[in-house]
Amino acid sequence: MAKFFAGMSKREFLTEGHRREMLGYPVSTVADIASDPQLAARGFFQAVADAAERFCGSFAVIDGARPPLRHAPGAPLAAAKSTQAAPAMAEPPRRARSRP
């Protein structure tokens with residue numbers, strides 16, 4: 001079996017598996033996912049303003065459209081729209097220590 005699988009690419013394995021109605025899926029790298037023709041055809045990858053890269057979009061499609069990304073993943077969010085300060089969090093009550 002190893003000799004058989006060593007002679008084919010991941011893409012060939014996937015294509016032939018589908019053609020033969022066999023279950024199987026190769027382990028994908030980031031490069032494999034980025035070049036996946038099905039994800040590209042489904043409009044999964046999205047561009048974000050001020051970013052040279054494209055990013056994985058939302059997994060959901062709502063009313064026939066994939067929600068757009070608002071900012072580059074990992075980028076700091078824009079300043080909050082309101083100028084109100086966030087409410088301060090109360091400190092948790094301290095437990096009284098018992099001494100032996």
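## Overall make-up

The protein has an accessible surface of about 9500 Å², and 60% of that area belongs to carbon and sulfur atoms. The model is a predicted one. Of the 100 residues in the protein, 13% are buried.

The secondary structure consists of 4 helices and 2 strands. Read from the N terminus, the order of the elements is α-α-α-α-β-β. Among contacts in the protein with a separation of 6 or more, 9% are between residues 24 or more positions apart.

## Salt bridges

Side chains of opposite charge can pair when their charged atoms come close. In the whole structure, 3 salt bridges are found. One of them joins Asp32 and Lys10, whose closest N and O atoms are 2.8 Å apart. Asp32 belongs to helix α3 and Lys10 to helix α2 (residues 10-19), so this pair ties together parts that lie 22 residues apart in sequence. Asp32 is partly exposed, at 23% relative accessibility. Lys10 also counts as partly exposed, and its relative accessible area is 37%.

Glu16 takes part in a salt bridge with Arg19, with an N to O distance of 2.7 Å. Both residues are in helix α2, 3 residues apart, which places about one helical turn between them. Glu16 is partly exposed, with 26% relative accessibility, whereas Arg19 is exposed, at 56% relative accessible area. The side chain of Glu16 also meets that of Arg20 in a salt bridge, at 3.2 Å from N to O. Arg20 has a relative accessible area of 47% and counts as partly exposed. Through shared partners, the salt bridges join Glu16, Arg19 and Arg20 into one network.

## A buried charge: Asp36

Asp36 sits in the loop between α3 (30-34) and α4 (37-41). Asp36 is buried, yet it has no salt bridge. Its nearest side chain of opposite charge is that of Arg11, 4.4 Å away. A salt bridge requires the nitrogen and the carboxyl oxygen to be within 4 Å, so the pair of Asp36 and Arg11, at 4.4 Å, does not count as one.

The side chain of Asp36 does have a polar atom 2.7 Å from the backbone nitrogen of Gln38. When neighbours within four places in sequence are left aside, Asp36 is in contact with Arg11 and Tyr25.

## Tyr25 and its surroundings

Tyr25 is placed in the loop between α2 and α3. Is this residue buried or exposed? At 51% relative accessibility, Tyr25 is counted as exposed.

Apart from neighbours within four places in sequence, Tyr25 is in contact with Phe13, Leu14 and Asp36. Tyr25 and Leu14 are 11 residues apart along the chain, and their C-alpha atoms are separated by 6.2 Å. The contact between Tyr25 and Asp36 links a residue of the loop between α2 and α3 with a residue of the loop between α3 and α4.

## A nonpolar surface patch

Met1, Phe4 and Phe5 make a nonpolar patch on the surface, with an area of about 370 Å². Of these residues, Phe4 is found in helix α1, which covers residues 2-6.

Key:
Residues numbered from 1 in each chain as written. Predicted model: local features only at pLDDT ≥ 70, side-chain atom pairs only at ≥ 80, totals over all residues. Heavy atoms only, no water. Buried < 20%, exposed > 50% of the residue type's maximum accessible area, 1.4 Å probe, protein only. Lys, Arg positive; Asp, Glu negative; His and termini not counted. Polar contact = N/O pair within 3.5 Å; in protein donor to acceptor, adjacent residues only side chain to side chain. Contact = heavy atoms within 4.5 Å. Patch = residues over 30% accessible without salt bridge, like charges linked within 9 Å, V, L, I, M, F, W, Y side chains within 5 Å. Areas by Shrake-Rupley, 256 points an atom, 1.4 Å probe, with all protein chains shown as cover.
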